[in-house]
Amino acid sequence: MVYETVPRTVRILLLGEPGVGKTSLILSLVTEEFTEHVPPKAEEITIPADVTPEQVPTNIIDICIPEQSLEQVAEEIERAHVICIVFSVDRQETLNKIATYWLPFVRDNCPEDYRKPVILVGNKIDLIDYSVIDNIWDIAEEYPEVDRCIECSAKSLINVSEMFYNAQKAVLHPINPIYSIEEQELTEKCKKALSRIFKICDLDGDGLLDDYEVTIFQKKCFDSPLQLQVLDEVKSVIAQNVAGGIENDCITIKGFIFLHCLFIQRGRNETTWTVLRKFGYDESLELTPSYLYASIKVPVGCTTELSYKGQQFLTQLFEKYDKDKDGMLNPTELKNVFSCCPRIPWHNLRYTVPTNEKGYLTLQGWMCRWTLMTLLDLQNTSAYLAYLGFNFLENESQKLAIHITREKKIDIAKKQSSRNVYQCHVIGPRSCGKTSICRSFLGIGHKKIKAHANERGDGNNTDNCCINTVLVYGQEKYLVLKEIPITRVSDPLQPHEVNCDVACLVYDVGASRSFEYIARIYIKYFAESHIPVLIVGTRGDALIARQEYILQPEMFCNKYQLLSPHFFFIKENKNDVFVKLATMAAFPHLKHFASLSGENSSWWKAGIGVAAATVVGFVLIKIFSFQKR
């Protein structure tokens, strides 16, 4: 069933047989007194927002069957948000017509996938001394759109304002999405939503809400703390009604769900809806797009990284779900982290980020994977931060978890990059050792390397990427290696395959035609760009073949002022090539080998600049921490 979003104005329609008191109810509400001389039909009435409990403007529409056609009534049903079907408690035939005529008529004039809430109103209870509510439940069970039944009296003004208030509540806080009247319990979607909320509020991950966590939850949802006496009373009610609802004087998930079931059964739908909406749910109990996807504009030439707040939240989340405190997430723990999400957002972790021998995520690998997703798939990062409760405490939105870097052209002008995450594209012919380089970056031995299918995507595909940390002059940086799978030299590179912070052009030193490929790639795409390039020869322990190209690799590098070819020994699995690549990305102005060789002064100045920036940053953090105290 589809539920509409909360309207800005509530439109209440009154239906029923002539003489049941529809018009009298409207006039009694407005004048607060009963009028003996009642017109056949009241004019449409608008109640201002500031006089309604929910602070929403309300329109009330009366229907007079003798004066209006069925087509006009059908149009009013279509426009209404909630329908009150009125009957007279002293006239059984008016009650019978609800099930035999009015409810089918209303249903026939509503969209098939959306049933508008209906309030059954028994008027004129001043004429009888008994309740007719029990006679209505059979009707309510047959028609789930019936939100509630109310007895009132327009003449005695009994429950008149309550009737219209409940009609308003039926629109703003509908019962059907969250509670099954037939089964007398919460719907599965409501239970699922409340389970997610419980896990987010369970800050220490022990499966219980202690007094502190309940207080934080109360402030988040209702902007006021819960008095200890009231909290004790709440826990007492749970303990008396639900086995296992309270453990160690804390509320369990069973107790939390029971509490909301009790709220709804007592007519306090608004309490549960307030909680659900604070955590991003709409009337269909789906997280709203505005809650999931923060509006973050990334200018051209800028990239996205995790901010300090984002890193702090994710570190705490890792520690929360690392139940055995072994410093890594095993498959069960990882599944638990994302149990309140649609799915685990990652796969192929073993070949993407650092893991232990079993493929379990370490904290380093965890942060690397989030960093990679933030860089290449910001929308998904925003959504999963929302699922996991980033904006539960003091954070207004996921924007605070994201840092947008300055434009790359500014980095080039200032001769130093301010980024912490660098993209390196690894380009070379087939079987030249690109995969070996990437896997060795993750510490995977060359004997364990298995080939994977390379597919050219749209630039946001992470399957052919790997990420790890590298120290650049004492500062930890993230380096993303992305394989660019090209079959033939004639295949053109797309802009997203060229654009990166540093390029690693790979050739096989033992294959005589391997270097020609990357030489042509360099001349065509990188010779005139600002992107630093490192040429890497793989299989460095093999017999070096003379390359069938007009220039040998060393001479080619001299001609284009590139750093001499770096020979990569797969069996040795050394880290120096990755440090070199990250350093070249951090200082893009040092593109040519003249700036990188020996003890060149500009190289030293760059290192001193990084060291100085590190010291200044450390001092600022200390000052900030002191001020927070």
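In this predicted model, strands β19 and β20 (residues 566-568) pair in the parallel sense. Three bridges link the two. Within this pairing, glycine 537 has phenylalanine 567 of β20 as its bridge partner. Strand β19 also pairs with β18 (residues 502-508), again in parallel. Here six bridges join the strands. Leucine 505 is matched with isoleucine 535 of β19. The connection from β18 to β19 involves helix α19 (residues 514-526), and the three elements form a right-handed β-α-β unit.

Strand β19 spans residues 533-538, and six of its six residues are buried, so the strand is largely enclosed by the rest of the structure. Burial applies to both faces. On one side lie Val533, Ile535 and Gly537. On the other lie Leu534, Val536 and Thr538. Two of these residues have bridge partners named above: isoleucine 535 pairs with leucine 505, and glycine 537 pairs with phenylalanine 567.

A second region of interest is an open sheet of six strands. Its order is β2-β3-β1-β4-β5-β6, and its pairing is mixed. Strands β2 (45-47) and β6 stand at the edges. Each has a single partner strand, so one side of each is left without a neighbour in the sheet. Neighbouring strands are turned by 20° against each other on average, with direction ignored. Strands β4 (residues 82-88) and β5 (residues 118-123) run parallel and are joined by six bridges. Valine 86 finds its bridge partner in valine 121 of β5. Helix α2 (residues 70-79) packs on this sheet. The helix touches β1 (10-16), β3 and β4. Its direction makes about 145° with that of β1.

Threonine 58 belongs to strand β3 (residues 58-61) of this sheet. Its relative accessibility is 3%, so threonine 58 counts as buried. Beyond its neighbours within four places in sequence, threonine 58 contacts Thr9, Val10, Ile12, Ile45, Thr46, Ile47, Thr52 and Gln168. One of these, isoleucine 45, is 13 residues away along the chain. The C-alpha atoms of threonine 58 and isoleucine 45 are separated by 8.2 Å. A polar atom of the threonine 58 side chain also lies 3.2 Å from the backbone oxygen of valine 56.

Isoleucine 158 offers a loop position for examination. This residue sits between β6 (146-151) and α5 (160-172). Its relative accessible area is 36%, so isoleucine 158 is partly exposed. Leaving aside neighbours within four places in sequence, its contacts are Ile125, Cys152 and Ser153. The C-alpha atom of isoleucine 158 is separated by 8.6 Å from that of aspartate 126, a residue 32 positions apart along the chain.

The cysteines were examined for disulfides. A disulfide is a covalent bond between the sulfur atoms of two cysteines. With a cut-off of 2.5 Å between sulfur atoms, the count comes to zero. For cysteine 368, the closest cysteine sulfur is that of cysteine 466. The separation is 9.8 Å, which is too far for a bond. Cysteine 368 has 0% relative accessibility and therefore counts as buried. Cysteine 110, at 11% relative accessibility, counts as buried too.

How values were computed: Residues numbered from 1 in each chain as written. Predicted model: local features only at pLDDT ≥ 70, side-chain atom pairs only at ≥ 80, totals over all residues. Heavy atoms only, no water. Buried < 20%, exposed > 50% of the residue type's maximum accessible area, 1.4 Å probe, protein only. Helix = DSSP H or I, 4+ residues; strand = E, 2+ residues; numbered from the N terminus. Pairing = 2+ DSSP bridges. Right-handed = clockwise from strand over helix to strand, strands pointing away. Contact = heavy atoms within 4.5 Å. Polar contact = N/O pair within 3.5 Å; in protein donor to acceptor, adjacent residues only side chain to side chain. Axes fitted to C-alpha atoms, helices over the stretch in contact; angles between N-to-C directions.
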